[in-house]
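Take a moment to look over the chain below. We will walk through it in steps, from a single residue to the cores and then to some annotated positions.

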Amino acid sequence: MFDTTRRRVVQALGVGGAATLAGCSTGEQPAEGNQATTVSSTPTQQEPAQTTVDRIAADPRDIPDPVDWSEPRHHDVTLSVTEETAEIEPGVTFDFMTFDGQVPGPMIRVRRGDTVNITLESPDDNSMPHNIDLHGVYGPGGGAEASNVNPGENNSFEFTAMYPGIHIYHCAVPNLDQHISSGMFGAILVEPEDGLPEVDHEFFFGQHEIYTDKAPGEEGHHAFDFEAMKKEEPTYVVYNGEAYAFTGNGYGPMEVDKGDRVRIFMSNGGPNLLSSWHAIGNVWTDFYRDGALANDPENYVETAPVAPGTVACAEIDTPVPEPIKLVDHALTRVARKGMMGVIQVNGSPEPEIFNPDP
Ligand SMILES: [Cu+2]
């Protein structure tokens, strides 16, 4: 399986240029020989488990519409906390925990001054308690205790969104590091009173590390590994619960047209690792560190730290056609642990800006 993993990485890195990222899946399937190797080297290996969802990765385009109201509003938000089995990559299953069945949890979008009623629903078939701590909330634990739910329970609390910014939310039960690693984080966007500048596209990605009892790409069911987490040595570091999900090896890149202005929100759930967030072939034209939208952005930032427990907001320009590769520039995570998402800029060449063959 290691050979398979390396092949996937070489494709994801786009060594051969944009065409490599266009989605050819040749060579991704495990070869017979690799399977045999895996079986003999790991006698305790289990088969991949039955999945409960087809896809754990949230669609980065699935973002609520921008705020278009100018007086305080009330929002009722219900989130279902679920425990799901899904693939990190083909043939590799893992027991995720989620808000609403996907990773990251859905973005909540409100305007500063709005009130929000949050209800958590926990299905009967859950095995653990869950709750929600929103970093956009003034109050004990960001609402964690007030929202605690055991299997089969509902629980609600209300808050006023007092300060602007894009803030992370996450589960905060005693094993919160395991729950966040397994997918329980998302974002609440509190728009400033005057809103955000209009852009052509918005995307929302969630980085997190997954700690398992097997090697990256090793086929079978990967159990959560507390010892690996204590050592902060993850098996995978990914966007949205899946290795290379938004590349030609997964669901494909996000597509935009040349000249589009693109806003990207990146929630680093962690639970432990700082992200050195970089866009290969581009630059963060406007970068809102820690998602602090009340501040003026920094300009033309090459690689920006995104701490675990924050959501960064960046706006980029797209003057040339290219695959823009969103990475954590701790590149071992890109080469070996599943980290990468691609924004494909489509359009005719701009040789005055970039000429590959002068
Ligand atoms: Cu939880």
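Leaving aside its neighbours within four places in sequence, which residues is Leu189 in contact with? Keep in mind that this is a predicted model. The list runs as follows: Met107, Ile108, Arg109, Val110, Gly165, Ile166, Leu196, Phe265 and Leu293. Leu189 itself sits in strand S8, which covers residues 185–191. Is it buried or exposed? Leu189 counts as buried, because its relative accessibility is 0% and the cut-off for buried is under 20%. Now follow the chain further along. Val311 is 122 residues away from Leu189 in sequence, yet 9.4 Å separates their C-alpha atoms.

Next, step back to the nonpolar cores. The largest one has 63 residues. Some residues have the most contacts inside it: Phe205, Ile264, Phe265, Trp277, Trp284, Leu326 and Ile343. Which strand gives the most to this core? Strand S18, residues 310–317, does so with five residues. The core also draws on two domains. Domain 1 (2–42 + 200–346) and domain 2 (74–191) both give residues to it, so the core lies between them.

Ile343 shows what such a position looks like. Setting aside neighbours within four places in sequence, Ile343 is in contact with Phe203, Met254, Val256, Val262 and Ile264, and also with Glu322, Pro323, Ile324 and Leu326. Apart from this core lies another, of 23 residues. Val77, Ile118, Ala161 and Val173 are among them.

Now turn to the annotated positions. Under "binding site", an unreviewed UniProt entry lists His130, His135, His170, Cys171, His179, Met184 and His329. Let us look at two of them.

Start with His179. This residue is found in helix H4, residues 176–181. His179 counts as buried, because its relative accessibility is 2%. What does it touch, not counting residues up to four places away in sequence? The partners of His179 are Met97, Met128, Pro129, His130, Cys171, Val173 and Met184. Three of these names, His130, Cys171 and Met184, also appear in the UniProt list.

Then take His329. Where is it found? His329 is in the loop between strand S19 (322–328) and helix H6 (332–336). With a relative accessible area of 37%, His329 is partly exposed. Not counting residues up to four places away in sequence, His329 touches Ser276, His278 and Thr303. So the two listed histidines part ways: His179 is buried, whereas His329 is partly exposed.

Terms used: Residues are numbered from 1 along each chain as its sequence is written. This is a predicted model: local features need pLDDT of at least 70, side-chain atom pairs count only at pLDDT 80 or more; totals for chains, interfaces and linings use all residues. Side-chain values use heavy atoms; hydrogens and water are left out. A nonpolar core is a set of buried Ala, Val, Leu, Ile, Met, Phe, Trp, Tyr and Cys residues joined through side-chain atoms within 4.5 Å. Buried means under 20% relative accessible area, exposed over 50%, partly exposed in between (1.4 Å probe, protein chains only). Helices (H or I, at least four residues) and strands (E, at least two) are DSSP runs, numbered from the N terminus. Domain bounds come from an automatic or database domain assignment. Contact means heavy atoms within 4.5 Å. UniProt positions are given in the numbering used here, feature names are shortened, and annotations may be inferred rather than shown by experiment.
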